[in-house]
Amino acid sequence: MLLRELFEDPGEMTKHLRQAALDYLTPLLSQNVPFVTIDQMIDALRHAQLGLVINRAMIMDILNPDQVQAVAKIEGDRIYLTQPDGEDRDVD
């Protein structure tokens, strides 16, 4: 059993974890970083002081590419980020 399953609304804890992960990934997406490692993601969420033990399985669950558009795929120890489609536009 995972610790987050003990909360009354585990979906709410998953949303909170996912948002913390996206807060970390958003600046990297804007800089066109191709990937981050799972260890980097674990460290980032540990620094968020959520009170949970963050592990690889939890990262893979909250950053499931089928549910999170910012993640293209997870292979091995790398989380590949979605790259922009190449359409740059100028804004006044």
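These legends describe close-up views of a predicted protein model.

**View 1. The whole chain combines 3 helices and 3 strands.**
Along the sequence, the elements follow the pattern α-β-α-α-β-β. The protein has 92 residues, and 28% of them count as buried. Its accessible surface comes to about 6,400 Å². Carbon and sulfur atoms account for 48% of that surface. Take the contacts between residues at least 6 apart in sequence: 53% of these join residues at least 24 apart.

**View 2. Confidence varies between the elements of the predicted model.**
The average pLDDT of the protein is 84. A score of at least 70 is reached by 82% of the residues. Among the elements, strand β1, residues 35–37, has the highest mean pLDDT, at 96. Helix α1, residues 10–30, has the lowest, at 87.

**View 3. An open sheet is formed by 3 strands.**
The strand order is β1-β3-β2, and the pairing is antiparallel. The edge strands are β1 and β2, and each pairs on one side only. Strand β2 covers residues 71–75. From one strand to the next, the twist averages 20 degrees. Helix α2 packs on this sheet and touches β1, β2 and β3. The direction of α2 makes about 70 degrees with that of β1. As a general point, strands of a sheet pair through backbone hydrogen bonds, either parallel or antiparallel.

**View 4. Strand β3 is joined by bridges to β1 and to β2.**
Strand β3 spans residues 78–81. There are 3 bridges between β1 and β3, which run antiparallel. On this side, F35 has Y80 as its bridge partner, and T37 has R78. Another 4 bridges join β2 to β3, again antiparallel. Here K73 has Y80 as its bridge partner, and E75 has R78. Y80 is thus a bridge partner of both F35 and K73. R78 likewise partners both T37 and E75.

**View 5. Side chains alternate along β3.**
I79 and L81 point to one face of the strand and are buried. R78 and Y80 point to the other face and are not buried. The bridge partners named in the previous view, R78 and Y80, are therefore on the face that is not buried.

**View 6. A hairpin links β2 and β3.**
The two strands have 2 residues between them. G76 lies in the turn, with a positive phi of about 60 degrees.

**View 7. Helix α2 holds four buried residues, I38, M41, I42 and L45.**
The helix runs over residues 38–47. Why do these residues share a side of α2? They cover an arc of only 100 degrees around the axis, which puts them on the same side. Just after α2, Q49 takes a positive phi of about 50 degrees.

**View 8. N32 sits in the loop between α1 and β1.**
Its phi is near 60 degrees, a positive value in a residue other than glycine. Most residues other than glycine have a negative phi. Is N32 buried or partly exposed? N32 counts as partly exposed, because its relative accessibility is 43% and that class lies between 20% and 50%.

**View 9. L28 of helix α1 contacts L81.**
L28 counts as buried because its relative accessibility is 18%, under the 20% cut-off. Which residues does L28 contact, leaving aside its neighbours within four places in sequence? They are V33, V36 and L81. L28 and L81 are 53 residues apart in sequence. In space, their C-alpha atoms are 8.6 Å apart. L81 is itself one of the buried residues of β3.

Methods: Residues are numbered from 1 along each chain as its sequence is written. This is a predicted model: local features need pLDDT of at least 70, side-chain atom pairs count only at pLDDT 80 or more; totals for chains, interfaces and linings use all residues. Side-chain values use heavy atoms; hydrogens and water are left out. pLDDT is the predictor's confidence in each residue, from 0 to 100. Buried means under 20% relative accessible area, exposed over 50%, partly exposed in between (1.4 Å probe, protein chains only). The arc is that of the directions from the helix axis to the C-beta atoms. Contact means heavy atoms within 4.5 Å. Accessible areas come from the Shrake-Rupley method with a 1.4 Å probe; for residues, only the protein chains shown count as cover. Two strands pair if DSSP finds at least two bridges between them. Axes are lines fitted to C-alpha atoms, for helices over the stretch in contact, and angles run from 0 to 180 degrees between N-to-C directions.
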